[in-house]
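Biologist: Pick a single part of this model and take me through it closely, please. Keep it simple, as I'm new to this.

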Amino acid sequence: MADHIDRYPESCPYCYRYIKAIHRWENIPYEDSNLYYIVLQCPDAGCQKLFLAVYKEGKKEDSAEWVLDHIISEKQNATKFDPYISDISEKFVDIYGQAFKAEQMGLGDACGATYRKALEILVKDYAIKKTIKEDPEADSVEETIKKQPLAKCINEYFKDGKLKEIANRAAWLGNDEVHYYKLWGKDYEKLREAIMLVVYYIMQEKAADDLLEEMNNPKSGK
Ligand SMILES: [Zn+2]
């Protein structure tokens, strides 16, 4: 690995597998630019998609000159989700699409509240599907989960500590939508990013489950 960066992204934004990304190309930062780009490729034979890792100049306390900030892939800016996500919640895909459209039209206030709603629908529909999958007999689970406050749902059904924290903050961001968005304008961006992290978490969990199943039943694998 290039020693001036802290790390490569651990997973592919397209197939969601844990990967050792292939370093394809990097830019030479402009003299006063504080961003550094590396083009990476997914090594998975069925994927092989290219994506961009964006690094920010590291601070003194950071371990490297450039620190991974975010990933840019085609998918992130679109409103198309993997069929697995639409299977969990078609309503989420629909509401998210509405919020995204509102954002594109510059309607920040309106899209913040809609993103918050999308987040809640996704988290709850995921929780419902997961519970039913683990215990098909679970009675009235749908009603119970739908009545739960969003934060409680997040804490109960998501295992990743960091994601939990982010999702909780996002839930809190949207709690008092009207007043909050007037004060803080651009928090809809954070809500959208939190939603993408939740989507990402769900897809990673699926990739891990699929892999486990393949390992348990080698013949059923691809
Ligand atoms: Zn991939």
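Modeller: Let's take helix α7 and start on its outer side: Lys162, Arg169 and Trp172 are exposed there, on the face turned away from the buried side. "Exposed" means over 50% relative accessible area, "buried" means under 20%, and "partly exposed" is in between (1.4 Å probe, protein chains only). Before going on: this is a predicted model, where local features need pLDDT of at least 70 and side-chain atom pairs count only at pLDDT 80 or more, while totals for chains, interfaces and linings use all residues. Residues are numbered from 1 along each chain as its sequence is written, and side-chain values use heavy atoms, with hydrogens and water left out.

Back to the helix. α7 covers residues 161-173, so 13 residues, and reaches 18 Å from its first C-alpha to its last, close to the 18 Å expected (1.5 Å times one less than the number of residues). On its buried side sit Leu163, Ala167, Ala170, Ala171 and Leu173. These buried residues are on the same side of α7 because they cover an arc of only 155° around the axis; that arc is taken from the directions from the helix axis to the C-beta atoms. The general idea is handy here: an α-helix has 3.6 residues a turn, so residues three or four places apart point the same way.

Now for the setting. The protein chain has nine helices and four strands, and reading along the sequence gives β-β-β-β-α-α-α-α-α-α-α-α-α. Helices (H or I, at least four residues) and strands (E, at least two) are DSSP runs, numbered from the N terminus. Of the chain's 222 residues, 41% count as buried.

Another helix to set beside α7 is α3, residues 90-104. Its 15 residues should span 21 Å at 1.5 Å a residue, and its end C-alpha atoms are indeed 21 Å apart. Buried residues of α3 include Phe92, Ile95, Tyr96 and Phe100. Just after α3 comes Gly106, with a positive phi of about 85°.

Loops are worth a look too. Gln148 lies between α5 (141-147) and α6 (150-157), and Gln148 counts as buried because its relative accessible area is 10%. Apart from neighbours within four places in sequence, Gln148 is in contact (heavy atoms within 4.5 Å) with Lys124, Cys153, Glu156 and Tyr157. Gln48 is in the loop between β2 (35-41) and β3 (50-57), and at 47% relative accessible area Gln48 is partly exposed. Gln48 also has a positive phi of about 55°, although it is not a glycine. For background, most residues other than glycine have a negative phi.

Finally, the metal. The zinc ion has four protein donors, the SG atoms of Cys12, Cys15, Cys42 and Cys47, lying 2.3 to 2.4 Å from it. Donors are N, O and S atoms within 2.8 Å of the metal (3.2 Å for Na, K and Ca); water is not among the atoms, so sites may look incomplete. Along the chain, the donors follow the spacing C-x2-C-x26-C-x4-C. The site is tetrahedral, with angles of 106 to 115° among the four donor atoms; four donors count as tetrahedral if all angles lie between 85 and 135 degrees. Cys12 counts as buried because its relative accessibility is 0%, whereas Cys15, at 21%, is partly exposed.

Terms used
Tetrahedral: all angles 85-135°; square planar, octahedral: opposite > 155°, others 65-115°.
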